[in-house]
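Hi,

Here is the structure I promised to pass on. Have a look when you get a minute, and my notes follow underneath.

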Amino acid sequence: MIVEDVPCPFCGCLCDDITLTVKNNRIVGVENCCVLGNAKFLSKKRLKHPIMRKDGAWVEVSFDEAIEETARILTGANRPLLYGWSGTYNEAQVTAVHLAEELGALIDSTTSVCHNPSIIAIQEVGHPGCTLGQVKNRADLVIYWGCNPIEAHPRHLSRYSTYADGYFFENTVRDRKVVVVDIRESETAKIADEFIQVKPGGDYLILSALRAMVRGRGDVVPATVAGVKKEQLERVVEACQNASYGAVFFGLGVSMTRGKYKNIRNAIELVSELNRKTKFTISAMRGHYNVYGFNEVLTWMAGYPFAVDFSRGIAFYNPGETTVIDVLARKEPDACLVVASDPGAHFPKTCIEHMAAIPTIQIDPCVNPTTALCQVQIPVAITGIEVAGTAYRMDGVPIRMKKVVETEFPTDKQVLDRICERVRELNGNG
Amino acid sequence: MTIYTLTSGRTIPQGSFVEHKISQGYREATSILFIHPMDLFDLGIESGDNVRVSSEAGSVVLKTQETETLREGCVFIALGPYANAITGGYSHGTGMPDYKEISVEIEPTDDPIVTVWDLMEDIGGLRYDS
């Protein structure tokens, strides 16, 4: 069986033009996909049963026992932490927020360790953004700043920018210029028309220099800025001002370095300056395929996009205090539920040390480093392959994920619904 | 001792093994330290030799791989448990730890690269071998 137009459940590009060949309820062929999505569609290894630690060893248990133990741990905790959510669908995320409210828990997503600073900056100065279709059809200048789409979002260039056909272009490869700003000559930098190699931590300085030049105050810019020659910056400013439509895409090279959200704020303000001369937009290169979706769901339900603390009985949001890294560094949580992410591989050592010291539960199809930190793991169906649901692309466009094969595993939503129901019973709110 | 600036980020091999983080492929993809040939020369080692990389947060053994895509003094590693073994949990009040721009010391070593399970057990975890 051939299934067409399948959205890919890997990165924030959420490419929805994948063709899958399914034989005997198994994916045997993948077309149009990048190497990252391909590996996920064809992946065979997974955890086959719920597992639980008993007397210092792993044992297989039933779904009923694993769910009961999860509800017991979470209900008994004073400061439960619910974390993850970017690798599952919106309908399951809705249940997650209900569960957080019922428990008086702190709920946060992988946003906290990727584009959290971008969201803070947008909350401060707004977001001159656009959908990827606008970039594809209109942008004659694309700037990739602190990101490396060839390795992190491999089809971004061919679907939306450099190599994509555009409605208003005869030849996009010739007519669309690409600028890359990075500390290393990444694979993306190698195909750029202009590569700005900035010293680590120099983004804020470069952005400020560019803003001064756009404002006509290039005279205040020194001969070199963060390792970059003034002449190169002048060339880039000229290219920006001469563009009919410029699109900036920025990644974690800007949000994770010194200055954090101040870097993004400066980048947004540069784009605002450029909008006095021509049309310019700026967008975050979101990582997980549905990291944006969780920000939407939590905002609809609690008013804030990530790091919401329900312990006061109301939704409280204060990044730096209610963000997952900070609560773990302060060793506050006394129980943790991880769903659809892998902090064991992606959090600083000091933070996961605390996760290993408290009862932690993971809901995930695969064995991963977080498994070692857990007391219980519940395997589930894979969203976008075995279960349908809504996800949000990196530009905020919702796309319906497809179910292409049957499975006996329960979905994230089914498991979370059962945990939520049991927690309510244990709390006397059933 | 010379201080280097370490940055982490995504790579294709790291991304390809994301659903198989216990595999040897993931271990190899996330435990390579990309470094400029002149820095290797200063350390008196060759590309492929192991080094111990230490920051304020901890230390970890990695395998070097030379590249001229980096400036001298800057080193790069794919994100993952090896990078995080030397990443601190301090977020400067922003929620975001310093995954990039980490000050590190580098010294040659004959110590082996440990497995992902070893890293998790070092901090109190328990490996699961299916």
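In which sense do strand β1 (residues 4-9) of chain B and β5(B) pair, and over how many bridges? The pairing is parallel, with five bridges between the two strands. Before you read on, keep in mind that this is a predicted model.

Staying with that pair, B:T7 sits opposite B:F76 in β5(B). Strand β5 itself covers residues 74-78 of chain B, and five of its five residues are buried, so the strand is largely enclosed by the rest of the structure. Its side chains split two ways: B:C74, B:F76 and B:A78 point to one side, while B:V75 and B:I77 point to the other, and all of them are buried. So B:F76, the residue facing B:T7, is buried too, because five of the five residues in β5(B) are.

Now for the chain contacts. On chain A, 58 residues touch 48 residues of chain B. Helix α17 (residues 349-357) of chain A gives the largest share of chain A's side, with seven residues. By class, that side of chain A comes out as 30 nonpolar, 16 polar and twelve charged residues.

Chain A also has an internal boundary worth a look. It is divided into domain 1 (46-113 + 289-426) and domain 2 (116-284). Taken over C-alpha atoms, the centres of these two domains of chain A are 34 Å apart. Where they meet, ten residues of domain 1 of chain A are in contact with seven of domain 2 of chain A. The domain 1 side of that contact has five nonpolar residues, four polar and one charged.

Cheers

Terms used: Residues are numbered from 1 along each chain as its sequence is written. Chains are lettered from A and ligands numbered from 1 in the order in which they are written. This is a predicted model: local features need pLDDT of at least 70, side-chain atom pairs count only at pLDDT 80 or more; totals for chains, interfaces and linings use all residues. Two residues are in contact if their C-beta atoms, placed from the backbone, lie within 7 Å. Helices (H or I, at least four residues) and strands (E, at least two) are DSSP runs, numbered from the N terminus. Ala, Val, Leu, Ile, Met, Phe, Trp, Tyr, Cys and Pro count as nonpolar, Asp, Glu, Lys and Arg as charged, and the others, Gly among them, as polar. Domain bounds come from an automatic or database domain assignment. A residue is buried if 20 or more other C-beta atoms lie within 10 Å of its own, exposed if 12 or fewer, and partly exposed in between; C-beta atoms are placed from the backbone. Two strands pair if DSSP finds at least two bridges between them.
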